[in-house]
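Here is my note for your first read-through. Keep the sequence and the model open side by side as you go.

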Amino acid sequence: MGAEQTTAGDPIPSNCELIEVRVAELRQLFNAMDASPFRERDLDPDAEDLIVGWGREAPHGSTLALLVDLDRAPGLADEPAALRDAIHGFFTHRAQVARRRLRQLLGIGRISLLVGLVFLTAAVGLGDFVASAMKGQRLGELLREGFVICGWVAMWRPLEILLYGWWPIRTEARLYDRLSAMPVRIAYRGTAEPGAWRRDWPAVPPMQTTRQKSPQRPSPLRSGDEKLAGTVTLPERGPIASATIDATVPELESNASMPKL
């Protein structure tokens, strides 16, 4: 079959940076521990690291595109659009989180700058007071220089935030913006067994892919329920050391309500 018959999804530009991911099923791209529906679920950490790392290594300003090599045959007609919406939603949320972190960091930087300036002013004033009180002594000059150094050390954190700490987060948010708008296309290889798409997302409802039913265990009957159900109450097993064997069992066999062994 030609490429037009084995691929589906968004058209990929010819001059873009293509990110290729190969999986056996589409649900392998998502975090299995996340109980959210697939369209709101986080990507698998390995898949996220691969996509983000590839996008980070791409040339600055280049157009990104994602090609998912899928082992199975095509399934539902809307699965390329569902996959695109899920991936775009995930990276859009990541961009919002990164910008929220940036705002919080800049807020901490402004508060730290105010605190640092107050401390620096107090340290310089205290150093001048000590130097004037110990005028002509070498110890007074040493104390004055020590207070000044402490004041400038207090300015290290706000200066580090406002000069260097904010731009890596902004770069990360811009990368997430590019990933949230990239074309997504699926290439079907058809190497899996026929009908494998019926067990994969989005053909399988989210409840069936996120939860596995555990076998039900019979619950112990209460004394009140035993009489209603017509069952026989077995005596509780005591300690092994106190267990005895009674050779006289005719009374049990004569009882019609007891099943014969």
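Which side chains meet in a salt bridge at 3.5 Å, N to O? Keep that in mind while you look, and remember that this is a predicted model.

1. **The opening pair.** The partners are Arg 101 and Glu 172, whose side chains form a salt bridge at 3.5 Å, N to O. Arg 101 belongs to helix 3 and Glu 172 to helix 6 (residues 167–179), so this contact ties together parts that are 71 residues apart in sequence. Arg 101 has 36% relative accessibility, so it counts as partly exposed. Glu 172, at 22%, is partly exposed too.

2. **A network.** Salt bridges can share partners. Here such sharing joins Asp 10, Arg 84 and Asp 85 into one network. Find these three residues in the model and view them together.

3. **Helix 2 to helix 3.** The side chains of Arg 94 and Glu 48 also meet in a salt bridge, at 3.2 Å, N to O. This pair links distant parts of the chain. Arg 94 sits in helix 3 (residues 79–133), while Glu 48 sits in helix 2 (residues 45–57). They are 46 residues apart. Are the two partners buried or exposed, or in between? Arg 94 is partly exposed, with a relative accessible area of 21%. Glu 48 is buried, because its value of 14% falls under the 20% limit.

4. **Glu 25 and Arg 27.** These two side chains form a salt bridge at 2.9 Å, N to O. Glu 25 has 17% relative accessibility and counts as buried. Arg 27 has 29% and counts as partly exposed. For the whole structure, the search finds 13 salt bridges. The pairs named in this note are among them.

5. **An enclosed strand.** Why is strand 4 described as largely enclosed by the rest of the structure? Strand 4 covers residues 184–188, and 5 of its 5 residues are buried, so the rest of the structure largely encloses it. In a regular strand, side chains alternate between the two faces of the sheet. Now check both faces of strand 4. Val 184, Ile 186 and Tyr 188 are on one side. Arg 185 and Ala 187 are on the other. Every one of these residues is buried, which leaves both faces covered.

6. **Neighbours of strand 4.** Which strands pair with strand 4, and in what sense? Strand 1 (residues 7–9) pairs with strand 4 in the antiparallel sense, over 3 bridges. In strand 4, Arg 185 stands opposite Gly 9. Strand 3 (residues 64–70) runs parallel to strand 4, and 5 bridges join the two. Here Leu 66 stands opposite Val 184 of strand 4.

7. **Cysteines.** How many disulfides does the structure hold? The count is 0. Cys 16 is buried, with a relative accessible area of 16%. Cys 150 is partly exposed, at 44%.

8. **A nonpolar patch.** Last, turn to the surface. Leu 159, Leu 163, Tyr 164 and Trp 167 make a nonpolar patch of about 430 Å². Which helix gives the most to this patch? Helix 5 (residues 156–165) does, with 3 residues. Leu 163 is found in helix 5.

Technical notes: Residues numbered from 1 in each chain as written. Predicted model: local features only at pLDDT ≥ 70, side-chain atom pairs only at ≥ 80, totals over all residues. Heavy atoms only, no water. Buried < 20%, exposed > 50% of the residue type's maximum accessible area, 1.4 Å probe, protein only. Helix = DSSP H or I, 4+ residues; strand = E, 2+ residues; numbered from the N terminus. Pairing = 2+ DSSP bridges. Salt bridge = Lys/Arg side-chain N within 4 Å of Asp/Glu carboxyl O. Disulfide = S-S within 2.5 Å. Patch = residues over 30% accessible without salt bridge, like charges linked within 9 Å, V, L, I, M, F, W, Y side chains within 5 Å. Areas by Shrake-Rupley, 256 points an atom, 1.4 Å probe, with all protein chains shown as cover.
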